[in-house]
Amino acid sequence: PGAKEMDATPKVEWWDALILQGGGANIEADDAEYPLLESRITHYVEHPVPIQPLAEGQTDQAPTMFLTQRERKKLRRRKRQEKEREKQDKIRMGLIPPPPPKVKLSNLMRVLKDEAVANPSMVEKQVRQQMEERVKRHDDANEADIAVWC
């Protein structure tokens, strides 16, 4: 008693009844010829009227997934590795120039070789200047990060 019985399949659907003589009411047999109204058939295509969604602005979005700290670390590490890999590939292909060597006082002689031997005072001055620029860039980036959080 609780189950709803399904209606029998109609012999003619409502959208087909529009082009049948008598609206398809006079068709008894399943294999009968369907008398068409040739005057109702045109070369035009009928497009249905667009229906507005019930709830405006709501979309079917999946709920936000919160990652564990371990997953966030793993995702960050992967993104950074991929970014570095792309940068290295671009350098190998010659699309971007390789970064200049990071010269410090400890590796001065190994990196600059002949220049350091020819004029050590000038090279040391340049190295100290480069080191100060790197420290300044680092501090500026930290200040920018702090400004974002405050």
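Does Lys 113 count as buried or exposed, and at what relative accessibility? At 54% relative accessibility Lys 113 counts as exposed, where exposed means over 50% relative accessible area, buried under 20%, and partly exposed in between, with a 1.4 Å probe and protein chains only. Lys 113 lies in helix α3, and although not a glycine, Lys 113 has a positive phi of about 35°.

Before going on, I should say that this is a predicted model, in which local features need pLDDT of at least 70 and side-chain atom pairs count only at pLDDT 80 or more, while totals for chains, interfaces and linings use all residues. Residues are numbered from 1 along each chain as its sequence is written, and side-chain values use heavy atoms, with hydrogens and water left out.

Now the overall layout. The protein chain has 4 helices and 0 strands, helices being DSSP runs of H or I of at least four residues, strands E runs of at least two, numbered from the N terminus. The mean pLDDT, the predictor's confidence in each residue from 0 to 100, is 84 for the protein chain, with 87% of residues at 70 or more. Among the helices, α1 (residues 14–17) has a mean of 80, whereas α2 stands at 97.

Helix α2 (residues 69–93) has 25 residues and spans 36 Å from its first C-alpha to its last, close to the 36 Å expected, that expected span being 1.5 Å times one less than the number of residues. Just after α2, Gly 94 takes a positive phi of about 85°.

Of the 150 residues in the protein chain, 7% count as buried. The largest nonpolar core, meaning buried Ala, Val, Leu, Ile, Met, Phe, Trp, Tyr and Cys residues joined through side-chain atoms within 4.5 Å, consists of 5 residues: Val 103, Leu 108, Ala 116, Val 123 and Val 127. Helices α3 (108–118) and α4 (120–149) each supply at least two residues of this core. Leaving aside residues up to four places away in sequence, Val 123 touches Leu 108, Leu 112, Glu 115 and Ala 116, a contact being heavy atoms within 4.5 Å.

Finally, contacts along the chain: among those between residues at least 6 apart in sequence, 15% join residues at least 24 apart.
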